[in-house]
Amino acid sequence: MASGSGFVRFWLSDKARDTFLSSIAKEDLPSFRLACHDFGVRAAPLLFENTTITFRASSFTKPARMAALDRIGHTIKNLHFSMPHTSETFLPPLLDPITGEEVTFIYEPYVPSIKDSTSRLSDPTYGSWEMTDLLVKQYSPLFHAAANTPSFIRAFSALTNLQRLQISCPGQEAGQRYRRSVVDYALISIRIAVERSNLQVLDTLSLASIHPGAVLYLNPMMGLGARPNSLKRWKRITNLTICMDSIPFTPYPPTDHLKLLHSYLQVFASSLIDFVFRWKGVKGLSPLSLDKEICLQETSPAMACPRRCHLALRPLKFDRLTTMEVENIVVDASQVSSFITAHRRSICEFNFEDTHLRSGTWDQALAPLTRISGSDKWKEKAEEVMDVPLLLSPIGIEESKVKEVLLDYFNCKPKVFRPSIGAWQRVGAKSRELFWGTPEHMKKLLRTSILSWR
């Protein structure tokens with residue numbers, strides 16, 4: 001009885017209980033939750049804090065799964081929604097069963113009214129009963145699950161404490177970029193579900209490995225089913241990470257996807273604090289300076305809307321941006337300089353990883369830092385240099401012989417003054433070179449040694 005009361009006092013202590021639960025391996029938490037009801041309640045936040053959903057036809061429609069999501073949804077803080085492009089997500093053309101001709105399908109997301117709960121049964125899902133019947137017969141259940149917007153709204157409504165949403169849809173072939181797939185319908189449903197759910201603490205959005213057309217369906221201003229107040233929900237996003245399949249940089253690259261990306265980033269212009277963008281594959285144009293690209297300013301009759309091609313893109317200006325990182329891009333030094341100048345009042349850190357300058361130098365690109373700081377002292381911290389010790393090993397020599405040589409070396413070595421680490425760091429590169437000798441001197445020393453080195 002005494003041990004039982006002691007365990008109760010231990011379990012009711014928040015710090016002791018949380019420390020104990022954090023030390024349990026995650027694979028053991030499901031078994032731990034089965035011990036008793038209170039164990040299950042206390043361990044649920046640790047077990048379901050990071051949840052991954054690989055979307056399938058029954059992910060949001062199976063009653064048992066939805067009931068379980070209602071019980072644990074409030075414990076989920078980071079949700080990873082994954083839906084790779086596969087043969088199942090490919091949508092063939094709709095064909096008339098009598099004439100064999102292709103049928104045009106104009107999609108409008110179906111969202112039943114809250115006041116009329118029976119509208120799901122009384123109204124056709126896809127505009128008309130004929131089109132609904134045609135889609136049911138020719139498209140797979142995965143398509144109907146992705147287009148089932150009410151099921152997405154119900155699922156996301158259970159995630160009341162969701163802080164970070166990660167969407168991943170890799171695997172799209174370059175030849176399918178202008179065809180709509182099941183993945184695109186799922187993205188439309190996700191966007192509508194986020195806009196119509198009460199997600200008060202959602203502030204981080206990560207688009208990991210997405211295709212270029214995805215931003216069209218995630219854009220609250222251009223996406224299907226968007227409402228006038230849709231933009232308000234997405235302006236709460238302060239941290240945005242995008243890893244997009246590359247659009248190859250050519251003299252005349254496809255401009256439609258680049259314009260869609262530019263329009264999508266405009267959504268977060270007033271709220272974004274931390275922004276990370278990476279091109280997956282070959283290098284692409286900088287998403288922060290698309291308004292200065294010549295290929296997006298010229299009028300071409302091959303474009304879909306040649307009458308609107310002369311309209312200039314508005315420059316991107318993030319009012320609250322403090323941290324920015326771009327990777328695997330091609331950019332001009334003047335574009336980098338203009339971006340730094342435009343964001344000089346807010347930005348604190350920027351990082352250009354694997355970036356190639358088409359024109360100019362990095363001194364020209366970072367020239368605004370000299371004007372902002374009033375001196376060139378920032379250049380002293382721009383590059384970090386570190387001395388890495390080189391360890392060589394002999395070939396074909398017995399270990400006892402090596403130890404003997406090293407022992408003779410240290411025994412015969414005269415005692416010299418050893419400067420402290422701080423003093424050594426203050427020694428210049430030229431002084432260290434005189435102390436150790438040049439690289440050619442080291443090579444000559446190793447070649448004339450009694451050991452063979454590699």
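Reader: Which residues in H9 do Met66, Leu69 and Asp70 in H5 meet?

Author: The model is predicted, and this reply describes a contact within it. On one side of the contact stand Met66, Leu69 and Asp70, which belong to H5. On the H9 side, the residues that they meet are Ser151, Arg154 and Ala155.

Reader: How are H5 and H9 oriented with respect to each other: roughly parallel or roughly antiparallel?

Author: Helix H5 covers residues 63-72 and helix H9 covers residues 149-157. Their axes lie 9 Å apart and make an angle of about 30 degrees. Because angles under 35 degrees count as roughly parallel, the relation of H5 to H9 is roughly parallel.

Reader: How many helices and how many strands are there in the chain?

Author: The chain has 454 residues, and 39% of them are buried. Its secondary structure consists of 20 helices and nine strands.

Reader: Among contacts between residues at least 6 apart in sequence, what percentage join residues at least 24 apart?

Author: The contacts considered here are those between residues at least 6 apart in the sequence of the chain. Within that set, the share that joins residues at least 24 apart is 79%.

Reader: Which strands pair with S4?

Author: Strand S4 spans residues 204-210. Five bridges link S4 to strand S3 (residues 164-168) in the parallel sense, with Ile167 and Leu207 as bridge partners. Strand S5 (residues 239-245) is also parallel to S4, and six bridges join the two; here Leu205 stands opposite Leu240. The strands that pair with S4 are thus S3 and S5.

Reader: Which helix makes a β-α-β unit with S3 and S4?

Author: S3 and S4 are parallel strands. Together with a helix of residues 182-195, they make a right-handed β-α-β unit. That helix is H10.

Reader: Which residues have the most contacts inside the largest nonpolar core, and which helix gives the most to this core?

Author: The largest nonpolar core has 102 residues, and those with the most contacts inside it are Phe156, Leu205, Ile242 and Phe275. With 10 residues, the element that gives the most to this core is H10.

Reader: Which residues does Leu205 touch, not counting residues up to four places away in sequence?

Author: Leu205 is one of the residues with the most contacts inside the largest nonpolar core. Its bridge position opposite Leu240 in S5 is also a place of contact, for Leu240 is among the residues that Leu205 touches. With neighbours up to four places away left out, the full list is Leu165, Ile167, Trp234, Ile237, Asn239, Leu240, Thr241, Tyr264 and Phe268.

Reader: Is Ser209 buried or exposed?

Author: Ser209 lies in strand S4, where seven of the seven residues are buried. Its phi is positive, at about 60 degrees, although Ser209 is not a glycine. Since its relative accessibility is 11% and the limit is under 20%, Ser209 counts as buried.

Reader: What is the relative accessible area of Asp354?

Author: Asp354 lies in strand S9, and phi of this residue is near 50 degrees, a positive value in a residue other than glycine. Asp354 is partly exposed, and its relative accessible area is 46%.

Reader: Through which helix does the chain cross from S8 to S9?

Author: Strand S8 (residues 323-331) and strand S9 (residues 349-357) run parallel, joined by eight bridges. Met324 has Phe350 in S9 as its bridge partner. The β-α-β crossover from S8 to S9 is right-handed, and the helix on its path, residues 333-342, is H14.

Reader: Which elements do the buried residues of H13 pack against?

Author: H13 is mostly covered, with nine of its 11 residues buried. Among the buried residues are His257, Leu261, Tyr264 and Gln266. The elements against which the buried residues of H13 pack are S4, H11, S5, S6 and S7.

Reader: Which residues is Gln266 in contact with, leaving aside its neighbours within four places in sequence?

Author: Gln266 is found in helix H13, which covers residues 256-266. At 15% relative accessibility, Gln266 counts as buried. Leaving aside neighbours within four places in sequence, its contacts are Arg314, Pro315 and Leu316.

Reader: How far apart in space are Asp363 and Ser337, C-alpha to C-alpha?

Author: Asp363 lies in helix H15 (residues 362-365) and is exposed, with a relative accessible area of 53%. In sequence, Asp363 and Ser337 are 26 residues apart. In space, their C-alpha to C-alpha distance is 9.7 Å.

Technical notes
Residues are numbered from 1 along each chain as its sequence is written. This is a predicted model: local features need pLDDT of at least 70, side-chain atom pairs count only at pLDDT 80 or more; totals for chains, interfaces and linings use all residues. Side-chain values use heavy atoms; hydrogens and water are left out. Buried means under 20% relative accessible area, exposed over 50%, partly exposed in between (1.4 Å probe, protein chains only). Helices (H or I, at least four residues) and strands (E, at least two) are DSSP runs, numbered from the N terminus. Two strands pair if DSSP finds at least two bridges between them. A crossover is right-handed if, with the strands pointing away from the viewer, the path from the first strand over the helix to the second runs clockwise. A nonpolar core is a set of buried Ala, Val, Leu, Ile, Met, Phe, Trp, Tyr and Cys residues joined through side-chain atoms within 4.5 Å. Contact means heavy atoms within 4.5 Å. Axes are lines fitted to C-alpha atoms, for helices over the stretch in contact, and angles run from 0 to 180 degrees between N-to-C directions. Angles under 35 degrees count as roughly parallel, over 145 as roughly antiparallel, 65 to 115 as roughly perpendicular and the rest as oblique.
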